[in-house]
Amino acid sequence: MRLTWLFILALLASSTINLTAQSTGTITGSVKNSATQEALVGATVRIEGTKLGGFTNTKGEFTIKNIPPKSYTIVVSSVGYKTKSLFNTVITSGNVVSLTVELEPTFTESKEIVVEATTFGKRSETPLSVQSLTTEEIRSNPGGNFDISRAIQALPGVGGATGGAGFRNDITIRGGGPSENVYYLDGIEIPQINHFATQGSAGGPAGILNVAFIEDVNLSSSSFGSGYDNALSSVIAVKQKNGNNERLQGNIRVSGTETALTFDGPLSDNTTFIASARRSYLDLLFQALDLPIRPNYWDFQFKTTTKLDEKTTLSVLGVGAIDDFRFAAPKQSTPEKEYAFRTAPIVNQWNYTIGASLRRAIGNGQLFVSLSRNMFDNTLDKFADGKNDDESARVFKLTSWEIENKFRAEYSLITSELKFKTGVQGQLVRYTNTTFNKFSPVLPAVQFESDLRFGRYGAYADMASSALNNRLQFTAGVRFDGNTFTTTGNEFWRTLSPRASMTFVVDSAWSINATAGRYFKMPQYTILGYRDSTNALVNQGVAYIGTNHAVIGVEYVPDPSIRITAEAFYKTYDNYPVSNVDGVSLANKGITFGAIGNEPVTSDGKGRAYGMELFFQKKLTENWFTTVSYTLLFSEFTSRFSPDVYVPSAWDFRHLVSGIVGYKLGDGWELGGKFRFAGGSPYTPYDTAQSRLQYLTTGNGVFDNTRLNSLRLGPFRQLDIRVDKKWSFQSWSLDIFIDVQNLLGATQPAVPGYTFTRTEDNAGWASTDGQPVRIDGANATPVLIENGSRLVQPTLGIIIEF
């Protein structure tokens with residue numbers, strides 16, 4: 001370790017050498033009307049703090065060349081539209097920066113208050129509970145490993161598996177589980193955004209999306225637009241870049257865990273592309289560290305954008321992943337390694353989403369039409385006592401497909417009086433599941449096969465208007481959803497979900513916001529496809545999960561680069577699936593490898609989550625930026641053992657604190673730090689009798705759910721830092737970075753693991769009578785393995801743009 005740090009310090013010291021003359025960079029892009037997507041001619045684009053700038057041509061396009069490499073604020077304006085500032089736009093000599101800027105029409109009368117447009121993600125349909133991240137904020141996030149999910153975890157109200165998520169990317173928002181979030185990529189839903197995903201949820205240890213594609217990410221934790229279905233806790237909308245139209249270019253990123261290669265450029269006069277591939281070598285790293293796990297993954301991504309005419313744009317996108325999670329016997333065995341070897345399943349997955357969308361300006365509005373297909377192939381295997389691939393020792397197998405073919409059509413209109421949007425959605429779904437589950441040495445295994453094919457549909461509309469000379473702004477919307485599978489699926493009035501929001505603009509800086517709404521989510525396919533021993537679909541009568549949101553807040557934006565918010569929120573849940581096997585609401589599940597929901601359930605669970613958030617954000621100006629947030633959070637759900645008593649959920653962190661600060665030192669040097677704190681998350685103690693009985697069969701302890709979440713872990717805290725040094729050469733650039741996660745070596749808490757005591761030489765299980773340990777564990781000695789980690793994770797990486 002000391003040699004590693006000496007090497008890093010020597011490398012940084014050498015960075016003071018001026019290898020070659022500095023070159024310049026280029027910005028290119030287009031400016032559009034956000035309502036119609038039509039090109040804006042003559043819009044002004046200027047680089048703040050310089051004399052550089054330009055105007056858009058007859059196609060709404062612009063190019064600015066000979067820009068000295070550094071970070072800038074780009075200001076875009078046009079008569080009749082709100083001015084927009086793009087902070088922390090990084091210029092290098094390696095890649096042309098391609099921007100697509102949408103300006104919002106003002107329709108302003110002389111007495112109205114005009115608020116400058118910002119990059120905070122706020123829109124009329126989501127006037128509060130919304131945060132925005134740019135590509136550079138994700139790319140430079142300390143400890144983030146270029147991962148969207150890890151960057152989002154630093155926003156207010158966002159926790160992870162244990163408040164700080166540990167090594168996984170589970171996102172829990174305002175007390176809701178990771179299965180309650182939905183993800184959209186350029187308006188097309190993408191069900192899987194993580195490698196080694198938990199089926200029925202959305203988390204995993206590493207993200208799929210390449211940050212080189214991203215223009216910005218908007219997180220809405222309430223006040224969801226009516227066009228989004230299945231969201232209970234959040235909508236995470238990712239906007240991708242278009243490929244540049246100047247030249248073919250690329251970048252390569254190499255770090256301690258992966259290599260990624262990206263290219264973009266023009267395909268023709270009216271078509272651009274961007275494409276990437278990434279390969280992990282975590283398996284090689286863990287083998288070198290003599291750890292028993294061997295994760296390996298690939299992912300791929302592409303987007304093409306074609307301007308068919310002045311009013312019509314066609315986009316085609318795709319993202320996919322291949323995951324393989326296996327085990328190997330360590331050279332030097334320890335109880336901790338043996339526990340890991342026996343606990344998690346072998347995972348073999350692949351998934352993809354591919355889609356096309358058409359946007360066409362029609363009068364004062366636009367038509368958006370999309371077609372997409374996504375597929376998730378999941379195979380899980382588990383064997384008793386770590387005897388992998390020994391069929392006689394098999395205790396679990398799941399082979400499953402989730403396939404969705406989707407259609408969406410939406411028309412939006414904007415005038416000086418109101419904004420209006422309406423749309424329809426439809427899906428053809430296929431879900432297959434072949435399961436073998438032996439969870440007890442004395443009971444027969446659960447075995448079944450399902451092959452479901454059904455339809456899903458929905459429709460929605462919303463409108464926004466204003467009064468009192470634009471001081472009072474309000475929106476209202478409604479949607480319904482239905483399906484052809486569940487017993488009451490076609491009774492769409494059961495899912496009628498109204499929502500409304502209101503903003504009172506005190507002055508150009510202060511505003512008061514409020515929202516209320518009801519939202520629904522269809523239960524997971526793993527629930528719908530479960531069959532009992534008679535081959536009956538026992539969960540066909542489940543209801544849509546419902547939630548009610550009420551939020552009130554105040555916002556202060558004294559400058560386009562500064563935002564301060566305070567919000568109070570209250571959520572209730574109904575019809576949450578509760579397991580008939582362990583009596584636990586599925587609201588508490590979703591952060592382990594494998595699948596959730598593959599069991600009989602009833603739709604009688606209830607829940608509530610409430611609290612308040614404080615948030616301060618300063619975009620990059622005067623060479624520094626920061627975000628600071630605090631969340632007070634309570635999350636409680638009922639269970640089969642206490643149907644009328646609300647018990648703290650697994651996401652009841654009570655306190656969440658996060659802070660990020662970054663500073664541009666000049667001469668290509670950048671410093672960043674991130675701190676996160678979360679109160680101890682609840683967990684359930686083990687049932688000692690059942691754990692002893694089942695451990696050798698399943699490799700896991702059994703929780704005593706009559707004492708659900710009666711214990712708490714210690715608090716999570718972590719400090720991450722990152723240092724970058726960038727060079728710009730003739731037509732290429734180099735970025736060398738050091739990222740250190742958990743710099744102070746703080747303990748990252750985790751639920752203890754249940755296992756049996758090993759012999760002194762760790763060759764087998766120790767017994768109380770000198771005989772081999774019996775299958776029911778009667779002569780074994782149980783022990784709890786502490787899973788908390790104090791690992792400090794330094795990473796050295798390079799990014800080359802060419």
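Let me begin with one pair of residues: E613 forms a salt bridge with R174, and their closest N and O atoms are 2.8 Å apart. The pair connects distant parts of the chain, since E613 sits in strand β32 (residues 601–621) and R174 in the loop between β10 (172–173) and β11 (181–185), 439 residues apart. E613 is buried, with a relative accessible area of 5%, and R174 is buried as well, at 1%. Here a salt bridge is a side-chain nitrogen of Lys or Arg within 4 Å of a carboxyl oxygen of Asp or Glu. Buried means under 20% relative accessible area, exposed means over 50%, and partly exposed lies in between, with a 1.4 Å probe and protein chains only. Helices (H or I, at least four residues) and strands (E, at least two) are DSSP runs, numbered from the N terminus.

Before going further, a word on the model. This is a predicted model, in which local features need pLDDT of at least 70 and side-chain atom pairs count only at pLDDT 80 or more, while totals for chains, interfaces and linings use all residues. Residues are numbered from 1 along each chain as its sequence is written, and side-chain values use heavy atoms, with hydrogens and water left out.

On confidence, pLDDT is the predictor's confidence in each residue, from 0 to 100. The protein chain has a mean pLDDT of 89, and 94% of its residues reach 70 or more. Two stretches deserve caution. Over residues 1–21 pLDDT stays under 50, and the model has 17 contacts beyond four places in sequence for them; contact means heavy atoms within 4.5 Å. Over residues 109–115 pLDDT also stays under 50, with 14 such contacts.

I return to the charged pairs. Side chains of opposite charge can pair when their charged atoms come close. By the rule just given, the count comes to 44 salt bridges. One of them joins the side chains of K65 and E246, at 3.9 Å from N to O. K65 lies in strand β4 (residues 61–67) and E246 in the loop between β16 (234–240) and β17 (249–254), so this pair ties together parts that are 181 residues apart in sequence. K65 is partly exposed, at 48% relative accessible area, and E246 is partly exposed at 34%.

A further salt bridge is formed by D381 and K397, with the closest N and O atoms 3.2 Å apart. D381 belongs to strand β23 (residues 365–383) and K397 to strand β24 (residues 394–414), 16 residues apart. Is each residue buried or partly exposed? D381 is buried, with a relative accessible area of 13%, whereas K397 is partly exposed at 29%. In addition, E136, R139, K664, E670 and K726 are joined into one network by salt bridges that share partners.

Next, the strands. Two strands pair if DSSP finds at least two bridges between them. An open sheet of three strands has the order β4-β1-β7, with mixed pairing. Its edge strands are β4 and β7 (97–103), each of which pairs on one side only. Within the sheet, strand β1 (residues 25–33) pairs with β4 in the antiparallel sense over five bridges, and G29 stands opposite F62 in β4.

Strand β5 (residues 70–77) is mostly covered, with six of its eight residues buried. What are its partners? Strand β2 (residues 44–47) pairs with β5 in the antiparallel sense over four bridges, and T44 has S77 in β5 as its bridge partner. Six bridges join β5 to strand β6 (residues 84–91), and the two run antiparallel. K70 stands opposite I91 in β6. The hairpin of β5 and β6 has six residues between the strands, and G80 there takes a positive phi near 90 degrees. S78 is found in the loop between β5 and β6 and is buried, at 18% relative accessible area. Apart from its neighbours within four places in sequence, S78 is in contact with L40, A43 and L103.

Finally, helix α7 (residues 688–698). Its buried residues are S691, Q694, Y695, L696, T697 and T698. These buried residues pack against α5 (335–343), β23, β24 and β41 (753–756). Helix α7 is followed by G699, whose phi is positive, near 80 degrees.
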